[in-house]
Amino acid sequence: MNDVAARLDDVRRELADAARDSGRDPAEVRLVAVSKTKSARAIRDAYAASQRDFGENYVQEMQKKAAELADLPDLRWHFIGHLQRNKAKVVAQIASAVHTVDSERLAKELGKRTAEAAAEGAKARGPSDARLRVFVEVNVGGEAQKTGCAPAELAAVLAAIESEPALSLVGLMTVPPYTDDPADSRAPFDRLARLRDEHGGAARLPELSMGMTRDLRYAVLAGATMVRVGTGIFGERS
Ligand SMILES: *Cc1c(COP(=O)(O)O)cnc(C)c1O
């Protein structure tokens, strides 16, 4: 077993343990392997170990890797970085999900570009899921410098996504403020879960994308359905 496969095993075990400890079915929690700065080779190792969902933060890097890995047709790219509207078209062509929609303007642009990509047949996701899956990133910590919409703006962003026929609203995402103690993430994760309840619950927003290597346990305890793990699978980034 290579390093990536071994670490992937450990992360899967940690996730399953956290799910059982919170009385949840481990199958309810999916793993997005965050491969930013890592090689196509490392992604192939994870793919060989049955990982299919991969997260990237930078548009050009995702584009390059998607080309290098085009022989793996059922690999799904999740865009998890800050997205500028002028890059929406490339993301619409490649990604199966975007976790970081945080404004009405971005939702509108992404909807338009996804419809265009579908019309041009450029869609790499395949005909079975032509719509782009979208999460709204919420800044639950209220930090001034961070991305994500404010909780007060959430209703408008959700409505903007639902008015775009090419987009499929699937849930909410957050990155909690960094502190020395990963347990501190529990409160912001609980806040994201509460916001979901206030905006239609799991019927409207089935997915909660939250938790990274250091705090994935707290995310699962708070109800995460998707965790985004980089370091734990691929090792430290330089
Ligand atoms: C880099 C990144 C991750 C993964 O972080 P790790 O600590 O390496 O697990 C998850 N989510 C987002 C938004 C990221 O930028």
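This is a short tour of three strands, the helices between them and the ligand site in a predicted model.

**First stop: strand β1**

Start by selecting residues 30-34, which form strand β1. Add residues 53-56, strand β2, to the selection. The two strands run parallel, and two bridges join them. To find a point where they meet, click on Val34: its bridge partner in β2 is Gly55. Now colour residues 40-48, helix α2, through which the chain crosses from β1 to β2. This β-α-β crossover is right-handed.

**Second stop: strand β2**

Stay with β2 and show its side chains. Are its faces covered or not? Both are covered: Asp53 and Gly55 are buried on one side, and Phe54 and Glu56 are buried on the other.

**Third stop: on to β3**

Next, select residues 76-79, strand β3, which pairs with β2 in the parallel sense over four bridges. Here Glu56 has Phe79 as its bridge partner in β3. Between these strands the chain passes through helix α3, residues 59-68, in another β-α-β crossover that is right-handed.

**Last stop: the ligand**

Finally, select the ligand and display the 13 residues around it. Which of them come nearest? They are Lys36, Asn57, Thr213, Thr231 and Arg237. Zoom in on Thr213, where a side-chain N or O atom is 2.4 Å from an oxygen atom of the ligand. At Thr231, the distance from a side-chain N or O atom to a ligand oxygen atom is 2.5 Å. Then turn to Arg228, which has a polar side-chain atom 2.9 Å from a nitrogen atom of the ligand. On its own the ligand has 390 Å² of accessible area, and the protein covers 87% of that.

Methods
Residues numbered from 1 in each chain as written. Predicted model: local features only at pLDDT ≥ 70, side-chain atom pairs only at ≥ 80, totals over all residues. Heavy atoms only, no water. Buried < 20%, exposed > 50% of the residue type's maximum accessible area, 1.4 Å probe, protein only. Pairing = 2+ DSSP bridges. Right-handed = clockwise from strand over helix to strand, strands pointing away. Near = heavy atom within 4 Å. Polar contact = N/O pair within 3.5 Å; in protein donor to acceptor, adjacent residues only side chain to side chain. Areas by Shrake-Rupley, 256 points an atom, 1.4 Å probe, with all protein chains shown as cover.
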